[in-house]
Amino acid sequence: MKKVSLLIPVALAVALLSFQQIQTDLNASMERGKEIYQRNCISCHMDQGEGLPGIFPPLSKSDYMLADKKRAIQQTLYGVSGEMTVNGTQYNGEMNGYDLSDEQMSDLMNYIFNSFENKAGVTTPAEVKSARKK
Ligand code: HEC
């Protein structure tokens, strides 16, 4: 019994430490996210997230994306189509979803939400997990 009750605080401490690591290690996460971005997203949303006006919406200073992080996670995971207005320009296209893990998705979010003149804080794997549709 003693051993078991010790395991709980140890497990909590480990979980807390790894969570803090994620929080403070934004730069490393963004580096990993950049690779995912360059592999999967750059062809449409472009090198600086500028997109292609009227065809591929921008991620740089995107009022639409920055307004709702959970929606951005879901659109990247599951795809999106139909009308949207991004920074005053109408889009009516289609994007496929991406099969990314919670960790990959949080790295990608950390990159796109903190690059291209965006500065919108940390996304953890746990946030990605809870944004997934059950
Ligand atoms: C083949 C082109 C293409 C690729 C590749 C692509 N997208 Fe998109 N993306 C689009 C289009 C088109 C839309 C708008 C869809 C609509 O009009 O409904 C969009 C919309 C978005 C939006 C919401 C609108 C905005 O600009 O704020 C986000 C966020 C986004 N994409 C992120 C990503 C991420 C992250 C990746 C890589 C994992 C990616 N996209 C890859 C074409 C693409």
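Is Lys61 buried, partly exposed or exposed? Select Lys61 in this predicted model: at 46% relative accessibility, the residue counts as partly exposed. The place of Lys61 is in the loop between α3 and α4. Its backbone deserves inspection as well, since phi of Lys61 is near 50°, a positive value in a residue other than glycine.

Remain in that loop and select Met46, which also lies between α3 and α4, the latter spanning residues 63–67. Here phi is near 70°, again positive although Met46 is not a glycine. Met46 is partly exposed, and its relative accessible area is 23%.

**The iron site**

Next, display the ligand and centre the view on its iron atom. The protein donors are NE2 of His45 and SD of Met95, which lie 2.0 Å from the iron atom. The site has 6 donor atoms, and with angles of 87 to 180° among them it is octahedral. His45 belongs to helix α3 (residues 42–45) and Met95 to strand β2 (residues 89–95), so the two donors tie together parts of the chain that are 50 residues apart in sequence. Colouring by accessibility separates the pair: His45 is buried, with a relative accessible area of 11%, whereas Met95 is partly exposed at 26%.

**From Met95 to Gln75**

Select Gln75 in helix α5 (residues 69–78). Leaving aside neighbours within four places in sequence, Gln75 is in contact with Tyr64, Val80, Met84 and the iron donor Met95. Gln75 counts as buried, at 14% relative accessibility. For a distance check, pick the C-alpha atoms of Gln75 and Glu50: these residues are 25 apart in sequence and 18 Å apart in space.

**Helix α6 and its surroundings**

Now select helix α6, residues 102–112. How many of the residues of α6 are buried? The count is 9 of the 11, so the helix is largely enclosed by the rest of the structure. The buried residues are Asp102, Met105, Ser106, Asp107, Leu108, Met109, Asn110, Tyr111 and Ile112. What covers them includes α2, α4, α5 and α7.

Of these covering elements, show helix α2 (residues 26–40) together with α6. Their axes come within 7 Å and cross at roughly 95°. That crossing makes α2 roughly perpendicular to α6. To view the contact itself, display the side chains on both helices. On α2 the contributing residues are Leu26, Ser29, Met30, Arg32, Gly33, Lys34, Ile36 and Tyr37. On α6 they are Gln104, Ser106, Asp107, Leu108, Asn110, Tyr111 and Ile112. By class, the contact of α2 with α6 has 7 nonpolar, 5 polar and 3 charged residues.

**Val128 in helix α7**

For the last stop, select Val128 in helix α7 (residues 125–131). Val128 is buried, with a relative accessible area of 0%. Not counting residues up to four places away in sequence, Val128 touches Ile73, Asp102, Met105, Ser106 and Thr123. Three of these partners, Asp102, Met105 and Ser106, are among the buried residues of α6. Finally, pick the C-alpha atoms of Val128 and Leu77: they are separated by 9.6 Å, while the two residues are 51 apart along the chain.

Note on methods. Residues numbered from 1 in each chain as written. Predicted model: local features only at pLDDT ≥ 70, side-chain atom pairs only at ≥ 80, totals over all residues. Heavy atoms only, no water. Donors = N, O, S within 2.8 Å, 3.2 Å for Na, K, Ca; no water. Tetrahedral: all angles 85-135°; square planar, octahedral: opposite > 155°, others 65-115°. Helix = DSSP H or I, 4+ residues; strand = E, 2+ residues; numbered from the N terminus. Buried < 20%, exposed > 50% of the residue type's maximum accessible area, 1.4 Å probe, protein only. Axes fitted to C-alpha atoms, helices over the stretch in contact; angles between N-to-C directions. Parallel < 35°, antiparallel > 145°, perpendicular 65-115°, else oblique. Contact = heavy atoms within 4.5 Å. Nonpolar A, V, L, I, M, F, W, Y, C, P; charged D, E, K, R; others polar.
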